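Okay, everyone, thanks for coming. Let's look at how two chains meet, and then at one of them by itself.

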Amino acid sequence: MIQVIRNSPRFIMLALLVVLMAVGGGCKSKKKAAEAEAAAEKAKMEQEAAALRKQQEEDRKKREAEEEAAKKAAAAEANKKGPQAKLEEYFTSISNSSNEASANSSINEALSLFASSDTPVLIVIHESGGQKDYDKPTTIKNYLYYLKDQKKQADKIGNLQFDNSGKITEVELVKQN
Amino acid sequence: MLNYKFLSALSVGLCVVSLSMAQNPEISPARKQAIDSLALEKVRDLSKYISIIGNKKTPFSEATRVMDRAEELFAPDSEMGVSSLNRKEINYYKVRKYFERLMALNYDKVTISWYDIHYISDLERQPDGRYVGVVTIYQRFEGTSDDGLKYKDTTKKDITIYVEKKKTQIQGRTIEFWDVMLGDIRVSETSA
């Protein structure tokens, strides 16, 4: 019987067909599996990118919130101190501002300490035997914007003059070499 | 007779000394150092202003405000030299025009930095009472377009510095100050 089956061409053809179908089916399922794997990988990457973006956005918001809180704390602290300490706080805040809005906000707050935005600022570059050498005088508004643009440490406050309402009418700074 | 000769010699000597002091009044080394430093600081300030004006992220209104401040550093009619690796000649523009051209450069990203800022000619008192010196700087320029095109060069520039003692009235008081002004900025070398 076995010999009959083995010798039958029909049987051989049938067996070959079964083998081919089995192999073909296997390839299709492998391709499907690869596609599914790629899709899963893509989805994973997209999820990771979205998570990274979200994290960066959260970090940025956190940084801004911290900066704003520090600024408020500095302003609150400065309020407890005298005008010179307040002004020093504003100088530092403007020089160290990481963004334009924050710097402009500090400039506007600082200007409220002055009788006018044109309040003169004298900068001593050298002093010897009671004789002072000055840089070209400027105004407080220009000086505050100068700090914002140059992002450099402000000159040391040497003297402040006030009007009757406690507003600053003149600033003398001393350049630190 | 001896006394007469001595007094004559002394009076001639005093005249010479007072004339020479009038022409070149003494400035102590510390005071001179402070003026030198002030002038260098103005050059560094200009460097920062130029990088802000050139930066494509700077809003137009900010760039205009900074241009005004930068222009104040210069003596009237001062010119800025501009060179390129792509041409031999050096073009000179009034500083305001230079800033406006810098702001309008056709790149998507521009970075400009100045370094190695130093005097090549010390501030020296001139017969008109002004002090004049020359400061050299190196400027690194990089302009990049979104399509990947990039131009970069390094330029050595010489800046004439003028320092003059002036007076002004502040709240009814006369204040003497040192006015530092930048003059022409001339290109002396350009390399890749």
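A:Tyr134 has B:Phe177 as its bridge partner, and B:Phe177 sits in S6(B). That strand, S6, covers residues 173-191 of chain B, and S2(A) pairs with S6(B) in the parallel sense over two bridges. Strands count as paired if DSSP finds at least two bridges between them. Strands here are DSSP runs of E, at least two residues, and helices are runs of H or I, at least four residues, numbered from the N terminus.

Quick word on the model: it's predicted, so local features need pLDDT of at least 70 and side-chain atom pairs pLDDT 80 or more, while totals for chains, interfaces and linings use all residues. Residues are numbered from 1 along each chain as its sequence is written, and chains are lettered from A and ligands numbered from 1 in the order in which they are written.

So how many residues does each chain give to the contact? Chain A gives 15 and chain B gives 21; contact means C-beta atoms, placed from the backbone, within 7 Å. On chain A's side, S1 (120-128), S2 (131-135) and H5 (140-150) each give two or more residues. S1(A) has the largest share, with five residues.

Now chain B alone. It has four helices and six strands, and the order along the sequence is α-α-α-β-β-α-β-β-β-β. Of its 192 residues, 20% are buried, that is, with 20 or more other C-beta atoms within 10 Å of their own, again placed from the backbone.

Conventions:
A residue is buried if 20 or more other C-beta atoms lie within 10 Å of its own, exposed if 12 or fewer, and partly exposed in between; C-beta atoms are placed from the backbone. Two residues are in contact if their C-beta atoms, placed from the backbone, lie within 7 Å.
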